[in-house]
Amino acid sequence: MAASSGAASAPAVSDGGVSKSSKSGDELVVQVPVVDVQSDNFKEMWPSLLLAIKTAGFVAVDTELSGLGDRKSLLNQCIEERYKAVCHAARTRSVLSLGLACFKQQPDKGEHSYLTQVFNLTLLCMEEYVIEPKSVQFLVQHGFNFNRQYAQGIPYHKGNDKGDESQSQSVRTLFLELIRARRPLILHNGLIDLVFLYQNFYAHLPESLGTFTADLCEMFPAGIYDTKYAAEFHARFVASYLEYAFRKCERDNGKQRAAGSPHLVLEFCNYPSSMRAHIDYRCCMPPATHHPHSTSVCDKFSAYGWCPLGSQCPQSHDIDLIIDTDEAAMEDKRRRRRRKEKRRRALLGLPGKQTSGETEDGPPTKQVCGEGLKAEKIEQEVAEDETSNQPGSRQGHKNDLEVELKATRPETADVTTLEAPGSLVSPNPVPKDGLHRAGFDAFMTGYIMAYVAMSQGPQPCSSGPWLPECHNKVYLSGKAVPLTVAKSQFSRSSKAHKQKMKLAWGSS
């Protein structure tokens, strides 16, 4: 439950990620409360934020940025050069909003039951920073309120600490509390997020990638997990941009619930009426309420989670329709494979069972108009042109480019699946004003991780890491292997990081 300061009362149950608000029959509607935190209620919410972080089993994080800079540099094939490009963006741009989703396991209510609290912090960097027109345009189109940000954004400064900040109630101190909690950190296409979080709320970035990953190992000893990597290389989804991966997990979880199989059960806090002005309830309709559009699926949006035409695209961006289409194509492929195998065995007179199908080393992919899948982060905005020849798929949030990505986050951009079709004027509506994208995106990120963890079955009781297959592996756009967050014998922690560790743990 959420704690203190009138933050919340008893939790509301949600089955399969769906709160018990029901529309018709047994259909459940997802009601995810996102707490909007800004300068006028930051102190009031501080105890609840701390308690949610400290009692969580894991914490998912997402950011909205003022820009990303040169997109091509962010996809440099040399990872060290790519890191330097992201560092330049983090030093010159800012974080506009920060999303936190805290998932607390409730073993007394079931092995896969979580109490979930979601926060969206509106921030204001008090130093000069670059804000890119494209990013502004994208964010405004998707509900970001710049008037609110400049009027009520929580102030912060970047780089190293200024004076004794350990006792202050600030975003930098909140990030330090996240480190002190020693919880797994969950991100989606997370390299850019990690670099921006470090520079904006922790310390000046180290010059080398090796030093950066060495610092991260000590900052988050419970591990860093990337749901883009988990969805693409572990769960092997056809697409892995945030909205697609979330909806796919949500739908599959619903099927498992209906079949009486193990499934996620989420609970959300019942917030008092006094907080109503700061709560945004995000609704996700069950797939059964979605009816196929008369229009066909947009291939680019289907593959990347981003389309240059946006809401003006004549084809559908509906995620449920996209997943239905993908699942039908996969089933048709399996049927053809089974028939082919059956004929082959009949011709050769081979006894025994037919094979279940081919095995692939890499994740399944979509091919769109001859283009290779794009990198995700930037995917959304970046540009398809720039990343069209990159292997691997990156969508959504940090979708393709991963670069344009962040700042603009197209991926989560069209949150079209969160509205019932009956209310849509076009196949691809633009979200209304006031959407908490960073907060809800953090929730989607955490949900994916919780579902992947559940799908692995019981975890062996050992001193090893949680979900070792995904532990400290960060997705890299255009690369077949992830960035491994590890401290090598050739890298040392940075001086700024060592100072922060002393501050965090009070050691010498």
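How many residues does helix H3 have, and what span does H3 reach from its first C-alpha to its last? Helix H3 covers residues 79–92, which makes 14 residues, and it reaches 20 Å, close to the 20 Å expected at 1.5 Å a residue. Keep in mind that this is a predicted model.

Let's stay with H3 for a moment. Ile79, Arg82, Tyr83, Ala85, Val86, Cys87, Ala89 and Ala90 are its buried residues. They pack against three other helices: H2 (71–74), H7 (191–201) and H8 (209–219). As background, an α-helix has 3.6 residues a turn, so residues three or four places apart point the same way.

Now for the whole protein. There are 16 helices and twelve strands to find your way around. The protein has 508 residues, and 59% of them count as buried. If you take contacts between residues at least 6 apart in sequence, 77% join residues at least 24 apart. On the outside, the protein exposes about 20300 Å², with carbon and sulfur atoms supplying 53% of that area.

Here are four residues to look up, with how accessible each one is:

| Residue | Relative accessible area | Status |
|---|---|---|
| Ser113 | 2% | buried |
| Cys102 | 2% | buried |
| Cys313 | 4% | buried |
| Leu350 | 37% | partly exposed |

Start with Ser113, which sits in strand E5 (residues 113–125). Leaving aside residues up to four places away in sequence, Ser113 touches Lys104, Gln105, Gln106 and Val265. Ser113 counts as buried because its relative accessible area is 2%, and the cut-off for buried is under 20%.

Leu350 is another story. You'll find Leu350 in the loop between helix H12 (319–348) and helix H13 (383–387). With a relative accessible area of 37%, Leu350 is partly exposed. Together with Leu347 and Leu348, Leu350 forms a nonpolar patch on the surface, and the three have about 330 Å² of accessible area together.

What about the cysteines? A disulfide is a covalent bond between the sulfur atoms of two cysteines. A search of the whole structure turns up zero disulfides. Why does Cys313 not form a bond with Cys307? Cys307 holds the closest cysteine sulfur to that of Cys313, but the two are 3.9 Å apart, so they are too far for a bond. To count as a disulfide, the sulfur atoms would have to be within 2.5 Å. Cys313 itself is buried, at 4% relative accessibility. Cys102 is buried too, at 2%.

Technical notes. Residues are numbered from 1 along each chain as its sequence is written. This is a predicted model: local features need pLDDT of at least 70, side-chain atom pairs count only at pLDDT 80 or more; totals for chains, interfaces and linings use all residues. Side-chain values use heavy atoms; hydrogens and water are left out. Helices (H or I, at least four residues) and strands (E, at least two) are DSSP runs, numbered from the N terminus. The expected span of a helix is 1.5 Å times one less than its number of residues. Buried means under 20% relative accessible area, exposed over 50%, partly exposed in between (1.4 Å probe, protein chains only). Contact means heavy atoms within 4.5 Å. Accessible areas come from the Shrake-Rupley method with a 1.4 Å probe; for residues, only the protein chains shown count as cover. Patches are made of residues with over 30% relative accessible area and no salt bridge: like charges are joined within 9 Å, nonpolar side chains (Val, Leu, Ile, Met, Phe, Trp, Tyr) within 5 Å. A salt bridge is a side-chain nitrogen of Lys or Arg within 4 Å of a carboxyl oxygen of Asp or Glu.
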